[in-house]
Amino acid sequence: MSYNHCPLCANSLVVQPIGDKPRQCCSNCEFVNWNNPKPVTAVIVPMNSGIVLVKRKYEPFIGDWCLPGGFMEACETPIEGAIREVFEETGLNIEIDKLLEANSPGRNINVIILFYLSKEASGKPVAGDDASEVKCFQFNNLPINIAFDLHRKLINNYFAKIKLY
Ligand SMILES: [Zn+2]
C-alpha cells in the first residue's frame, strides 16, 4: 500500500531509492514505507470425502467460492490464525495436519498465503459473518466459480493426490 502522508508524523513523503527500489520516505522523520506483504492463511478442510468451501460475501470475487482463511491477527501464530479463521467462517473446530505451501499470488496483490491441510473435520459447517454460505464439495461437484488462482491450484492438487491413493 502507499501512504498520502507519513503515518508516524503526518509530514509529506518523498519517493527515493533505498537499496534497489524506489520507496516512500518521510521528509521529516525516519519512516520508510517498506510495503512488505501481509500474511494470510487458507486451509483445505477435508470432510465427507470432499473439502469445505465458503462463498464470499465481500469483494473481491463476491459470490465466488474459496478456501476458508484470512488475514492473520497481531501476535498469533500462523496455525492459530488458520484455526481461528476457519472457525469464524465455517463454525468448524479444526486441527491442522501440515503446511502444504507458502506462496504469493503476484500481480501486485501484496500478500503471502500460507496454505494448510487440516485433519478430517466433523460437525455441521455454518456460515460465519464474512461468508454467505459454506458447503462441502466432492471433486465431481466442485463449483466452477472458485476465486483465486492459487486456491484453484491447491484444490486441484489435493484432489489429484487423493485419487492416487
Ligand atoms: Zn514522518
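**Zinc site, aromatic pairs and backbone features**

The zinc ion is coordinated by the SG atoms of Cys6, Cys9, Cys26 and Cys29, at 2.3 Å. The model in which this site appears is predicted, and every value reported here is computed from it. Along the chain, the donors of the zinc ion follow the spacing C-x2-C-x16-C-x2-C. Within this set, Cys9 lies in the segment before β1 (13-18) whereas Cys26 belongs to strand β2 (residues 21-26), so the pair ties together parts that are 17 residues apart in sequence. The angles subtended by the four donor atoms around the zinc ion run from 100 to 120 degrees, and the arrangement is therefore tetrahedral, given that four donors count as such if all angles lie between 85 and 135 degrees. For reference, the ideal angle for four tetrahedral donors at a metal is 109.5 degrees. With regard to solvent accessibility, Cys9 counts as partly exposed because its relative accessibility is 27%, while Cys26, with a relative accessible area of 9%, is buried.

As to the overall organisation, the domain assignment of the protein gives domain 1 (1-35) and domain 2 (38-164). The C-alpha centres of domain 1 and domain 2 lie 35 Å apart.

Five aromatic pairs are present in the structure. In one of them, the ring centres of Trp65 and Phe137 are 4.8 Å apart and the ring planes stand at 80 degrees, so the pair is edge-to-face, the criterion for this class being an angle over 60 degrees between the planes. Since Trp65 is located in strand β7 (residues 65-66) and Phe137 in strand β11 (residues 131-137), the pair ties together parts that are 72 residues apart in sequence. Trp65 and Phe137 are both buried. Another edge-to-face aromatic pair is formed by Tyr158 and Phe159, with 5.3 Å from centre to centre and 70 degrees between the planes; Tyr158 is buried, as is Phe159. Together with Phe139, the residues Tyr158 and Phe159 form one aromatic cluster.

Several backbone features were found in loops. A cis peptide bond, with omega of about -5 degrees, joins Glu59 and Pro60, and Pro60 is placed in the loop between β6 (50-56) and β7. In the loop between β5 (46-47) and β6, where Asn48 is found, the phi angle of Asn48 is near 50 degrees, a positive value in a residue other than glycine. Ser49, likewise in the loop between β5 and β6, has a positive phi of about 65 degrees although Ser49 is not a glycine. The relative accessibility of Ser49 is 65%, and Ser49 therefore counts as exposed.

A further loop residue, Ser104, is placed between β9 (96-103) and β10 (111-118). Ser104 has a relative accessibility of 39% and so counts as partly exposed, a value that falls between the bounds of 20% for buried and 50% for exposed residues. When residues up to four places away in sequence are not counted, Ser104 touches Val111, Ile112 and Leu150. With respect to Val111, the side chain of Ser104 reaches the backbone oxygen of that residue at 3.3 Å. The C-alpha atoms of Ser104 and Asn48 are separated by 30 Å, the two residues being 56 residues apart along the chain.

Terms used. Residues numbered from 1 in each chain as written. Heavy atoms only, no water. Domains from an automatic or database assignment. Donors = N, O, S within 2.8 Å, 3.2 Å for Na, K, Ca; no water. Tetrahedral: all angles 85-135°; square planar, octahedral: opposite > 155°, others 65-115°. Helix = DSSP H or I, 4+ residues; strand = E, 2+ residues; numbered from the N terminus. Buried < 20%, exposed > 50% of the residue type's maximum accessible area, 1.4 Å probe, protein only. Phe/Tyr/Trp six-rings, centres within 6.5 Å; stacked < 30°, edge-to-face > 60°. Contact = heavy atoms within 4.5 Å. Polar contact = N/O pair within 3.5 Å; in protein donor to acceptor, adjacent residues only side chain to side chain.
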